[in-house]
Amino acid sequence: MPRLAHFRAKHDPPGGVHPGSGESTESSRGASILHVDMDAFFVSVELLERPELRGKPVVVGGQPDQRGVVSAASYEARKYGIQSAMPLRTAGRLCPHAIFLEVRHRLYSEWSDRIAAILARYSPIVEMASIDEAYLDLAGTERVHGVPLAAAHRLRCEIWGTTGLPCSMGLGRTRLIAKVASEQAKPRGFVWVPCGSEEAFLAPLEVRRIPGIGKVTEAALANLGIKTVGQLAAATHEHLDEHFGRWGAALERKSRGEDAYEFLLDAEAKSISHNHTFGNDTDDSNIAAATLSRLAQMATKRLRDSGLAARTIRLTIRYEGFQTITRSHTLPAPTRLDGDVIATIARLFNQNWDRRRKIRLLGVALESFSEGARQLDLLDAGRREKLERLARATDELRDRFGFSKLQFGGSLGREERDDREEN
């Protein structure tokens with residue numbers, strides 16, 4: 001996939017006003033923030049391969065007699081009360097005739113990369129908030145794509161026409177408004193909130209619709225007689241401050257559709273990691289080695305996609321009973337080659353694995369980034385250059401055909417059907 005801009009969320013000074021400016025950054029921009037949310041993403045990807053399941057209650061996460069939780073549920077399954085993060089056994093009781101599928105995170109990541117590539121054609125400012133949602137800033141793209149409303153509509157049509165995957169979109173002046181708008185648009189909808197209409201849009205909604213307001217805050221507001229966003233907006237600053245302290249000022253801003261975050265280009269990433277949770281705890285060294293090799297390759301590819309190299313390689317082992325250990329090694333110089341990372345992570349694992357205990361989770365993380373990479377073995381620079389070219393060619397093939405189609409031999413061990421992988 002193309003290299004996307006990197007971002008972080010930055011908290012504005014109190015009141016959302018930058019020093020030396022007379023107005024909020026958010027208040028000076030038009031309705032150009034687009035939130036793209038893929039509808040029931042894991043289920044939708046599965047339906048591409050199994051179209052006969054369309055219209056049926058489908059649950060992705062594992063089997064109803066397994067431990068674990070629901071990763072995604074079709075809208076037909078949601079009618080029975082099944083929700084994400086619900087225990088699989090509970091979902092099985094709510095809808096015994098539902099079709100339960102195993103999680104295939106690598107497949108979903110490949111489709112997420114394809115979506116990200118489409119998004120990158122519409123704006124240089126794309127923040128992948130998760131595997132199935134993203135924020136775009138369409139300001140300044142009018143000469144290429146037209147006004148944001150038209151560009152968003154064309155983007156939505158392209159995603160559907162190119163991938164066959166449904167999505168919902170929200171377009172607004174702030175990230176908060178865009179996020180709430182896309183939620184209101186589900187499924188397969190598009191909600192545009194013109195500038196100046198934010199408070200009217202939010203007013204009738206329940207306070208729980210506001211990102212950051214959970215069950216505890218919702219209950220506390222209800223005790224004060226505040227159930228809708230409009231009622232929250234009508235509450236006095238003193239009243240909110242008395243009951244919620246500094247959080248009261250944030251609630252006040254959110255009720256108006258303001259958020260205290262902005263896009264910052266080229267924010268420094270701290271780490272790149274991939275974890276794998278086994279459906280059944282294992283003490284099979286071959287499975288562990290194959291899993292670590294695959295995780296190392298996934299992390300290293302993302303490293304190269306970002307134009308970075310890493311010096312520190314970190315291993316995570318979580319045993320049955322959830323005891324977790326981490327061990328790391330810092331290389332003498334940065335690298336972005338699979339072989340360097342695989343060899344280091346294998347050595348860390350062999351040195352630290354307690355073979356008397358079964359493993360629940362393995363993780364690989366890359367840290368201490370720099371742009372590009374210096375030679376680790378200056379006496380064999382020619383060989384390293386060949387490895388760099390091989391890695392780039394491998395990445396191109398993976399982008400074209402999918403990561404799982406091309407891997408080092410050490411990662412091709414037996415896979416368990418009910419494994420979980422996480423970024």
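**Exercise 1. Overall make-up**

Task: State how many helices and strands the chain has, and describe its burial, contacts and surface.

Solution.
1. In this predicted model, the chain holds 16 helices and 13 strands.
2. Of its 423 residues, 48% count as buried.
3. Next, take the contacts in the chain with a separation of 6 or more: residues 24 or more positions apart account for 68% of them.
4. The exposed surface of the chain comes to about 20300 Å², and 51% of it is supplied by carbon and sulfur atoms.

**Exercise 2. Strand β7 and its partners**

Task: Determine which strands pair with β7, in what sense, and whether its residues are buried or exposed.

Solution.
1. β7 covers residues 167-172. β1 (33-38) is joined to β7 by six bridges, and the two run antiparallel.
2. One point of register is M38, whose bridge partner in β7 is C167.
3. β7 is also joined to β8 (residues 190-192) by three bridges, this time in parallel. Here G170 has V191 of β8 as its bridge partner.
4. Now check burial. On one side of β7 lie C167, M169 and L171, on the other S168, G170 and G172, and all are buried.
5. Six of the six residues of β7 are therefore buried, and the strand is largely enclosed by the rest of the structure.

**Exercise 3. From β1 into α2**

Task: Describe the loop residue A40, then work out how far helix α2 is enclosed and what covers it.

Solution.
1. A40 sits in the loop between β1 and α2.
2. Its phi is near 40°, which is positive although the residue is not glycine. Most residues other than glycine have a negative phi.
3. The relative accessible area of A40 is 9%; the cut-off for buried is under 20%, so A40 is buried.
4. In α2 (41-49), the buried residues are F41, F42, V43, S44, V45, E46 and L47.
5. That makes seven of the nine residues of α2, so the helix is largely enclosed by the rest of the structure.
6. The cover over these buried residues includes β1, β2, β3, β4 and α5 (105-120).

**Exercise 4. A three-stranded sheet and a hairpin**

Task: Give the strand order of the open sheet that contains β2, identify its edges, and describe how β5 and β6 are arranged.

Solution.
1. The open sheet has three strands in the order β3-β2-β4, with mixed pairing.
2. Its edges are β3 (72-73) and β4 (99-101); each has a single partner strand, so one side of each lacks a neighbour in the sheet.
3. β2 (residues 58-60) and β3 run antiparallel and are joined by two bridges. V60 has A72 of β3 as its bridge partner.
4. Turn to β5 (residues 126-130) and β6 (residues 133-137), which pair over four bridges in the antiparallel sense.
5. Two residues lie between β5 and β6, and the two strands form a hairpin. Within it, M128 is bridged to A134 of β6.

**Exercise 5. The second largest pocket**

Task: Characterise the second largest pocket by its volume, its lining and the elements that supply that lining.

Solution.
1. The space in this pocket is about 770 Å³.
2. It is lined by 21 residues, of which D37, R78, S84, E183 and K186 are the closest to its centre.
3. Elements that give two or more residues to the lining are β1, α2, α3 (75-78) and α8 (175-185).
4. Sorted by class, the lining has eight nonpolar, four polar and nine charged residues.

**Exercise 6. The loop between α8 and β8**

Task: Find which peptide bond at P187 is cis, and describe the backbone and exposure of R188.

Solution.
1. P187 belongs to the loop between α8 and β8. The bond that joins K186 and P187 is a cis peptide bond, with omega about -10°.
2. Most peptide bonds are trans.
3. R188 lies in the loop between α8 and β8 as well. Its phi is near 60°, a positive value in a residue other than glycine.
4. With a relative accessibility of 45%, R188 counts as partly exposed.
5. K186 appeared in Exercise 5 among the residues closest to the centre of the second largest pocket.

**Exercise 7. Residue A250**

Task: Place A250 in its element, decide whether it is buried or exposed, and give its C-alpha separation from G212.

Solution.
1. A250 is part of helix α13 (residues 246-255).
2. Its relative accessibility is 12%, so A250 counts as buried.
3. A250 and G212 are 38 residues apart along the chain, and their C-alpha atoms are separated by 9.8 Å.

Definitions and conventions: Residues numbered from 1 in each chain as written. Predicted model: local features only at pLDDT ≥ 70, side-chain atom pairs only at ≥ 80, totals over all residues. Heavy atoms only, no water. 1 Å grid on protein atoms, 1.4 Å probe; cavity = no way out; pocket = protein on both sides within 12 Å on 5 of 7 lines; lining within 4 Å. Points joined across faces, edges and corners; volume = space filled by probe spheres on them. Nonpolar A, V, L, I, M, F, W, Y, C, P; charged D, E, K, R; others polar. Buried < 20%, exposed > 50% of the residue type's maximum accessible area, 1.4 Å probe, protein only. Contact = heavy atoms within 4.5 Å. Areas by Shrake-Rupley, 256 points an atom, 1.4 Å probe, with all protein chains shown as cover. Pairing = 2+ DSSP bridges.
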